[in-house]
Amino acid sequence: MKVAISEIKINPGRRPANLDGINELAQSISEIGLLNPITIDQEHTLVAGLHRLEAAKMLGWTEIECNICPLDALQTELAEIDENVVRTELSMIEYGELLERRKEIYESLHPETKAGQAQAAGMNRAIGNNVTDKMSATLKPFSQDTAGKLGVSPRTIERTIQMMNGLTEDTRKVFRHYPQYKLSQSNAMKLSRMEPGKQKTAAILLASGQIRSADDYQPMEVRAAPGHAKSSRQQKAEFLESIAELKDPTKSCKQSPEAFVLEYSAFIEKIQQGVESFRLPNYKEVLPDLSQEQLHTLICLTDSCRKTLEDYLSFVKEARANV
């Protein structure tokens with residue numbers, strides 16, 4: 001049946017449509033028509049077909065062919081997730097959170113598919129106990145049902161859920177603040193195995209481009225004893241932690257100029273202390289043995305550090321000038 005487009009409602013929390021995809025779809029619909037009607041519930045809330053609906057609006061349509069789906073609220077949300085989860089532009093966190101929500105809804109609608117209950121029923125049947133099998137032949141556990149819809153293995157779905165269980169909310173927030181960063185599944189899995197505090201630090205360093213792999217951040221639990229030189233690994237870890245603290249996008253930006261200067265001063269002091277440690281005897285003894293190429297590397301690294309600080313100072317001056 002056809003429904004007036006002006007009567008169709010879209011849930012406010014739904015992901016927006018991709019503009020490029022709408023342009024292509026509108027062109028296709030204008031040439032061959034709408035092959036698949038959109039789906040709405042009995043109150044005319046969109047269940048599936050956001051791109052088709054937006055394409056119809058772009059073409060100036062006032063009505064669109066619809067299928068009315070008598071689903072309850074949870075089933076409606078499940079259908080929305082099934083439509084969104086196959087979209088390729090989802091970030092790793094968005095994709096994982098959709099699967100988390102799908103699992104929650106699916107097992108609420110079909111509690112008999114939960115692994116523990118299904119396994120217990122199977123074991124009872126195996127030993128001859130008379131157990132009523134509530135699961136129909138078409139009702140699968142969450143991982144199998146989802147895997148079939150996405151064209152992946154159930155193990156892939158299970159690993160994604162396991163990974164998301166290990167990622168803290170603070171870590172997830174970091175990546176929401178860096179939407180341009182493409183978190184790989186490999187790095188997401190490595191992060192999920194870290195302790196919460198270190199996990200967030202590594203996430204900031206990854207998203208801000210300070211490191212390329214979660215393996216590049218190796219937090220030091222044991223600090224150097226007073227009077228002893230810090231190892232290069234300790235110095236690198238402390239420096240990265242300072243950078244992460246400065247670049248933390250989840251921190252409140254509302255602070256006084258005095259607090260900002262104190263925080264920046266502490267950051268610079270850590271850098272100066274790190275440089276001073278390289279004057280200790282165990283480092284000083286190796287300096288005469290440096291090759292010309294190694295000296296050139298040190299010069300390049302120092303110039304890069306200097307340029308970074310100078311660029312930031314220029315950024316500060318420009319910000320003040322725009323006030």
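These are my notebook entries on what I looked up in a predicted model of a protein.

**Entry 1: ground rules.** I number residues from 1 along each chain as its sequence is written, and my side-chain values use heavy atoms, with hydrogens and water left out. Since the model is predicted, I accept local features at pLDDT of at least 70 and side-chain atom pairs at pLDDT 80 or more, whereas totals for chains, interfaces and linings use all residues.

**Entry 2: the whole protein.** I began with secondary structure, taking helices (H or I, at least four residues) and strands (E, at least two) as DSSP runs numbered from the N terminus, and found 14 helices and four strands. I then looked up burial, where buried means under 20% relative accessible area, exposed means over 50%, and partly exposed lies in between, with a 1.4 Å probe and protein chains only; on that scale 30% of the 323 residues are buried. The accessible area, from the Shrake-Rupley method with a 1.4 Å probe, is about 20,400 Å², and carbon and sulfur atoms supply 54% of it. For contacts (heavy atoms within 4.5 Å), I noted that residues 24 or more positions apart account for 68% of those with a separation of 6 or more.

**Entry 3: cysteines.** With a disulfide taken as a pair of cysteine sulfur atoms within 2.5 Å, I counted zero disulfides. I also looked up the accessibility of two cysteines: cysteine 66 counts as buried at 2% relative accessibility, while cysteine 300 counts as partly exposed at 39%.

**Entry 4: the sheet.** I traced an open sheet of four strands in the order β1-β4-β2-β3, with mixed pairing, where two strands pair if DSSP finds at least two bridges between them. Because β1 (2-4) and β3 have a single partner strand each, they stand at the edges, and one side of each is left without a neighbour in the sheet. Neighbouring strands are turned by 55° against each other on average, direction ignored; the axes behind such angles are lines fitted to C-alpha atoms, for helices over the stretch in contact, and angles run from 0 to 180 degrees between N-to-C directions.

I next went through the pairings of β4 (residues 63-68), which runs antiparallel to β1 and is joined to β1 by three bridges. Within that pairing, lysine 2 has glutamate 65 as its bridge partner, and alanine 4 has glutamate 63. With β2, β4 pairs in the parallel sense, again over three bridges, and here isoleucine 40 is partnered by isoleucine 68.

**Entry 5: around β3.** In the loop between β2 and β3 I looked at histidine 44, which has a positive phi of about 65° although it is not a glycine, and which is partly exposed with a relative accessible area of 22%. Threonine 45 is placed in the loop between β2 and β3 as well, but threonine 45 counts as buried at 10% relative accessibility. Leaving aside residues up to four places away in sequence, threonine 45 touches Lys9, Asn11, Thr39 and Ile40.

On the other side of β3, glycine 49 is found in the loop between β3 and α2 and counts as buried at 0% relative accessibility. The C-alpha atoms of glycine 49 and glutamate 80 are separated by 9.0 Å, although these residues are 31 apart along the chain. As for α2, I noted that this helix lies across β2 (38-40), β3 and β4, and runs at about 120° to β3.

**Entry 6: helix α3.** Glutamate 80 led me to α3, where it is one of the buried residues, together with Thr76, Leu78, Ile81, Glu83 and Asn84. These buried residues pack against β3 (46-48), α2 (50-58) and α4 (92-109). I checked the length of α3 (residues 73-84) too: its twelve residues reach 17 Å from first C-alpha to last, close to the 16 Å expected at 1.5 Å a residue, the expected span being 1.5 Å times one less than the number of residues.

**Entry 7: proline 249.** Last, I looked up proline 249, which lies in the loop between α11 (232-247) and α12 (257-277). Its contacts, not counting residues up to four places away in sequence, are with Val174, His177, Tyr178 and Ile204. I also recorded that proline 249 and serine 208 are 41 residues apart in sequence and 9.6 Å apart in space, C-alpha to C-alpha.
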